[in-house]
Amino acid sequence: MTAITKKNIRIFGEGTSTGGIYNKVSIHGQGRIRGDLQCDTMKIFGDFKMNGKASVDTFKMFGNSKVYDEIKGRNFKVFGNLELIKKMTGDACLVRGWLSSKESVELDTLSVKGGLDIEGLLNVGKLTVTLGHSTSRIKEIGGDTISIKGKWLNFFGGKNRLIVESIEGNNIYLEHTTAKVVRGNHVTLGPECDIELVEYQNSYKSHKTANAHKVNRH
């Protein structure tokens, strides 16, 4: 059988393309893709909008992107603002800026310096967040290793903070976090935490500025 040769998409300035199966997608400026897309690599420099489902092996963006349907991939790198209307699934994601989703996000690893706004479940094996500008909000977090820190320099003023309903994991370390429930094997509350209920199995530590209203060991 003859192998299918994948074409490329290149948008410079402003343009729109249809979906399909591609090798490389490159956008420099303002670009939009209408329809489902499957590609090996996608690189965005500027503003991008995607109207169909996206399956991308490597996704790298600098600027602002908005995806209206589901997106899945192996490796994501976000330098700027990525807005998702539906579900995101993948292996690894690095964010230096802002990631938002109206639904759930499922990743093996997620590293963030900046902020998150996830209205559904954030399901991640290893989560590392250094809170940046504005207040991050997540409905639920589930994972193995969860680390939330609030020491990144905030040029926008105000306190860096995460507000979340529930956190469940194996090893949990939190700073500057407000939560209703935190459940884990090993739980450590760092500075400026306010937790209504902590449930732990093996170990629990709390900073002098952290406030846990109720702590139970199971």
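How many bridges join strand S4 (residues 88-101) to S5, and do these strands run parallel or antiparallel? In this predicted model, 13 bridges join the two strands, which run parallel; strands are DSSP runs of E with at least two residues, numbered from the N terminus, and two strands count as paired if DSSP finds at least two bridges between them. The model is a predicted one, in which local features need pLDDT of at least 70 and side-chain atom pairs count only at pLDDT 80 or more, whereas totals for chains, interfaces and linings use all residues. Residues are numbered from 1 along each chain as its sequence is written, and side-chain values use heavy atoms, with hydrogens and water left out.

The pairing of S4 with S5 belongs to an open sheet of 10 strands, which has the order S1-S2-S3-S4-S5-S6-S7-S8-S9-S10 and parallel pairing. The edge strands, each pairing on one side only, are S1 and strand S10 (211-217). Neighbouring strands of this sheet are turned by 20° against each other on average, direction ignored, where the axes are lines fitted to C-alpha atoms and angles run from 0 to 180 degrees between N-to-C directions. Between S4 and S5, Cys 93 has Leu 110 of S5 as its bridge partner. S5 is in turn joined to S6 by 11 bridges, the two running parallel, and here Asn 123 has its bridge partner, Gly 142, in S6. A further 10 bridges join S6 to strand S7 (residues 161-174), again with parallel strands, and Ile 138 is partnered there by Val 164 of S7.

Two residues illustrate the surroundings of individual positions in these strands. Leu 99, placed in strand S4, counts as buried because its relative accessibility is 0%, the classes being buried under 20% relative accessible area, exposed over 50% and partly exposed in between (1.4 Å probe, protein chains only). Leaving aside residues up to four places away in sequence, Leu 99 touches Leu 82, Leu 84, Met 88, Gly 115, Leu 116 and Asp 117, contact meaning heavy atoms within 4.5 Å. Asp 144, found in strand S6, counts as partly exposed because its relative accessibility is 39%. With the same sequence neighbours not counted, Asp 144 touches Val 124, Gly 125, Gly 169, Asn 170 and Asn 171. Asp 144 and Asp 108 lie 36 residues apart in sequence and 9.7 Å apart in space, C-alpha to C-alpha.

Empty space was examined on a 1 Å grid over the protein atoms alone, a cavity being a set of points where a 1.4 Å probe fits but cannot get out, a pocket an open set with protein on both sides within 12 Å along at least five of seven lines, and lining residues those with an atom within 4 Å of a point. The structure holds one cavity of 30 Å³ or more, and the largest cavity has a volume of about 30 Å³. Its lining consists of Leu 116, Leu 127, Val 129, Leu 131, Ser 136, Ile 138, Ile 141, Ile 148 and Leu 162, with at least two residues supplied by each of strand S5 (105-131) and strand S6 (135-149). The largest pocket encloses about 210 Å³ of space and is lined by 14 residues, of which Gln 30, Gly 31, Asp 47, Phe 48 and Lys 49 lie nearest its centre. S1 gives the largest share of this lining, nine residues.

How values were computed
Points joined across faces, edges and corners; volume = space filled by probe spheres on them. Helix = DSSP H or I, 4+ residues; strand = E, 2+ residues; numbered from the N terminus.
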